[in-house]
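Biologist: I'm new to this structure and would like a close look at one part of it. Please pick a spot where two elements meet and take me through it slowly, then show me what lies around it.

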Amino acid sequence: AQKPLGETVTRLVQLYTAWGKPAQAAAWKEKPGALQDSLARVESLRQQNKLGEAETVQRQIVENMRRRFGTESLSAAGAIKELALILIDAGKPLDAEPLARESLSIRTKLYPAVSWLIATSRSAVGKSLLGQKHYAEAEPLLLSAYAEIKERGPKPPTVPHLESLVSVAKALVALYQATNQPARSAEWQKILEEEGRSLSALQASAPRPSTPPSSPPAARPPQ
């Protein structure tokens with residue numbers, strides 16, 4: 001189960017209103033359904049491992065976010081980070097790195113320093129470096145990202161929060177395997193399994209929406 005997109009939209013409207021940016025707040029109030037359709041399509045393509053198509057659609061989302069909300073906006077930052085992750089999964093970590101760094105820069109400027117979402121963008125930078133085999137650079141980014149997501153995430157945890165912890169733990173297992181550190185790899189494998197169990201339990205306890213079998217998967221909210 002995914003966090004409802006409406007909840008994310010409401011939060012963004014509140015943030016932009018609080019920051020004295022009525023134009024951005026108004027833009028998010030208008031027709032979020034089109035965005036939801038695009039996000040759902042990307043999620044479906046990723047699940048089918050059609051990463052080239054997912055990249056194309058996500059690039060369109062990024063351009064739409066930049067055009068509607070500005071190049072340095074939270075909306076753009078989230079979309080850019082997701083594009084970076086798609087490129088990493090597609091074996092294009094070199095292309096992903098500048099996007100991940102852009103997302104991190106925007107979020108660092110706009111979010112409070114204690115926001116766990118900054119750390120999710122930092123983890124994307126770490127994953128892009130891991131994909132390029134820059135292990136010494138990737139390790140501290142991934143370790144700090146995991147610690148901050150764990151410490152600063154919502155209480156009680158949400159599905160997106162636990163998904164982020166699972167993703168970073170998985171990257172650290174891969175890093176320690178690649179650098180021939182079996183003890184560290186085993187340590188993080190245990191953490192990965194623990195976070196995975198927590199995620200599975202939360203997903204199982206969440207109410208399931210009554211949607212027909214042909215409906216697309218729920219759209220992943222900006223993280």
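Modeller: Let's start with α8 and α9, which are roughly antiparallel to each other (angles over 145 degrees count as that, under 35 as roughly parallel, 65 to 115 as roughly perpendicular and the rest as oblique). Before going on, a word on the source: this is a predicted model, in which local features need pLDDT of at least 70 and side-chain atom pairs pLDDT 80 or more, while totals for chains, interfaces and linings use all residues. Numbering runs from 1 along each chain as its sequence is written, and side-chain values use heavy atoms, without hydrogens or water.

Now back to our two helices (DSSP runs of H or I, at least four residues, numbered from the N terminus; strands are runs of E, at least two). Helix α8 covers residues 135–152 and helix α9 covers residues 159–178. Their axes come within 10 Å and cross at roughly 150° (lines fitted to C-alpha atoms over the stretch in contact, with angles from 0 to 180 degrees between N-to-C directions). The crossing of α8 past α9 is left-handed, meaning that the near helix is turned anticlockwise from the far one by less than a right angle; clockwise would be right-handed.

Who touches whom here? On the α8 side, look for Y135, A138, E139, L142, L143, Y146, I149 and K150. Facing them from α9 are H161, S164, L165, V168, A169, A171, L172, L175, Y176 and A178 (contact means heavy atoms within 4.5 Å). Sort the residues of this contact by type and you get 14 nonpolar, two polar and two charged (Ala, Val, Leu, Ile, Met, Phe, Trp, Tyr, Cys and Pro are nonpolar, Asp, Glu, Lys and Arg charged, the others, Gly among them, polar).

Keep an eye on Y146, one of the α8 residues in that contact. A search of the whole structure turns up one aromatic pair, and Y146 forms it with W188. The pair is edge-to-face, 4.9 Å from centre to centre and with 90° between the planes (ring centres must lie within 6.5 Å, using the six-membered ring of Trp; over 60 degrees is edge-to-face, under 30 stacked, the rest tilted). W188 sits in helix α10 (residues 182–205), so the pair links distant parts of the chain, 42 residues apart. Both Y146 and W188 are buried (under 20% relative accessible area; exposed is over 50%, partly exposed in between, with a 1.4 Å probe on protein chains only).

α9 has its own link across the chain, through V166. With 13% relative accessibility, V166 counts as buried. Apart from residues up to four places away in sequence, V166 touches L192, E195, G196 and L199. The C-alpha atoms of V166 and G196 are 6.2 Å apart, although 30 residues separate the two along the chain.

The loops around our helices are worth a stop too. Most residues other than glycine have a negative phi, and most peptide bonds are trans. P156 lies in the loop between α8 and α9, and the peptide bond leading to P156 from K155 is cis, with omega near -5°. In the loop between α7 and α8 you'll find K133, which has a positive phi near 65° and is not a glycine. K133 is exposed, with a relative accessible area of 62%. The loop between α9 and α10 holds N180, another non-glycine with a positive phi, about 55°. N180 also counts as exposed, at 66% relative accessibility.

For a second helix pair, try helix α5 (residues 74–89) and helix α7 (residues 116–131), packed at about 25° with their axes 10 Å apart. That makes α5 roughly parallel to α7. The contact involves K81, L85 and I88 from α5, and T120, S121, A124, K127 and S128 from α7. By type, its residues are three nonpolar, three polar and two charged. Of these, S128 in α7 counts as buried, at 0% relative accessibility. Leaving out neighbours within four places in sequence, S128 contacts I88, P93, A96 and E97.

Now zoom out. The protein chain has 10 helices and zero strands. Of its 223 residues, 46% are buried. Among contacts with a separation of 6 or more, 62% come from residues 24 or more positions apart.
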